[in-house]
Amino acid sequence: MAHPDEARAMPWPAPQIAWPPAEAAERIRAHARGALLGLALGDALGATVEFMTPREIRTHYGRHTQIRGGGWLKLAPGQVTDDTTMAFAVAEALIRNRQPTAEDYARAFDAWMRSKPVDIGNTVRRGITRYRRTGEACVPPSDDAGNGATMRCAPVAIALLGAPADAVRDAAITQARVTHHNPLTDAATVCVVRMIQAGILGHGIRGVIALAHELVKAQPAFHFRGKPALNPSGYIVDTMRAVLQAIDITDNFEAALIEVVNRGGDADTTGAIAGAILGALYGEQCLPASWRSALHTSIASQCLTHAEQLARL
Ligand code: MN
Ligand code: MN
């Protein structure tokens, strides 16, 4: 599944690949399943080393390459965290309401928080607590550019495949604003949604990287070529720089995920975002079999069911 350099040199927009309709539909479903499974695999892999430095990871694991649980959350092998379960909440809101309002998402996140998730980010907790107190579904503009709205956005990409760009943008931002309201978070969330769509629709690595460059053009803080982003924090700029670098310097799902989680920091979230983009790009069949079998069965089956239902929207 390498992406040869000549593919990167292809003109943009990349030519649409003309599959026969039945084949195209099956390909889209396989890559939609890849996106959600990829997200869960990245979360499960990264959670073990979340908040560790690259040096600490080297000391403990050499190179961390297997889904083995543990970490500061003391997870069972194959267990996932808030990144995946919040994405399920987004998926369920989309499946239930087709075009969920901020209020629909707020109710879904409220129910999610009541389910006692293993972890919950500060900005997410603040937003949901505020909704409970005030009944307002959107948070006001803030300097807090956390990655929590971006980590959970993959279901929006699947549900809005083929929708006009404005509708995709609005849908990505609607779910984000329930907990995050910052131009950097908005830009990254819209970009990740578009990357996942590009992957599912067959635009290839060239299409995904072109979208990364568009993000940098609009928000230069995301500039990602050059010095490696190590120990990425939950600040969306740090998170995305690590994710984009890992995608940029590797040519397959497994290598990119290993690269990004071994940078430590918010590793379950960099893993989840990279996993969703690359699972969409390479498809379900390219996910490492040993990781697939390590993932909790109930999580894997929720990824598959949600992907199928979202793709039907
Ligand atoms: Mn997490
Ligand atoms: Mn995290």
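**Two manganese ions and a nonpolar core**

Mentor: In this predicted model, the manganese ion (ligand 2) has as protein donors Glu50 (OE), Asp266 (OD), Asp268 (OD) and Thr269 (OG1), at 2.1 to 2.4 Å.

Trainee: What makes these atoms donors of the manganese ion (ligand 2)?

Mentor: The cut-off is 2.8 Å from the metal. The protein atoms lie 2.1 to 2.4 Å from the manganese ion (ligand 2), so they count as donors. Their spacing in sequence is E-x215-D-x1-D-T.

Trainee: Why is the pair Glu50 and Asp266 said to tie together separate parts of the chain?

Mentor: Glu50 sits in the loop between helix H2 (21-47) and helix H3 (54-61), and Asp266 in the loop between helix H12 (253-261) and helix H13 (267-282), so the pair joins parts 216 residues apart in sequence.

Trainee: Why is Glu50 called buried, and why Asp266?

Mentor: Buried means under 20% relative accessible area. Glu50 has 5% and Asp266 has 8%, so each of these values meets the definition.

Trainee: Which residue coordinates both manganese ions, ligand 1 and ligand 2?

Mentor: Asp268 does, and the ions are 3.5 Å apart. For the manganese ion (ligand 1), the protein donors are Thr81 (OG1), Asp82 (OD), Asp83 (OD) and Asp268 (OD), at 2.0 to 2.4 Å. Along the chain these donors follow T-D-D-x184-D. Thr81, in the loop between H3 and helix H4 (82-97), and Asp268, in helix H13, are 187 residues apart and link distant parts of the chain. Thr81 and Asp268 are both buried.

Trainee: How do you know that H4 has the span expected of a helix?

Mentor: The expected span is 1.5 Å times one less than the number of residues. H4 has 16 residues, for which 22 Å is expected, and its first and last C-alpha atoms are 22 Å apart, close to that value. Buried residues in H4 include Asp82 and Asp83, which are also donors of the manganese ion (ligand 1). Just after H4, Arg98 has a positive phi of about 60°.

Trainee: What makes a residue such as Phe222 part of a nonpolar core?

Mentor: Phe is among the residue types allowed, and a member must be buried and joined through side-chain atoms within 4.5 Å. Phe222 belongs to the largest nonpolar core, of 101 residues, and is listed with Ile196, Met240, Ile277 and Leu295 as having the most contacts inside it. Helix H9 (residues 183-200) gives this core its largest share, 11 residues.

Trainee: Which residues is Phe222 in contact with, leaving aside neighbours within four places in sequence?

Mentor: Among them are Leu184, Ala188, Ile236, Met240 and Arg241.

Technical notes
Residues numbered from 1 in each chain as written. Chains lettered and ligands numbered in written order. Predicted model: local features only at pLDDT ≥ 70, side-chain atom pairs only at ≥ 80, totals over all residues. Heavy atoms only, no water. Donors = N, O, S within 2.8 Å, 3.2 Å for Na, K, Ca; no water. Helix = DSSP H or I, 4+ residues; strand = E, 2+ residues; numbered from the N terminus. Buried < 20%, exposed > 50% of the residue type's maximum accessible area, 1.4 Å probe, protein only. Contact = heavy atoms within 4.5 Å.
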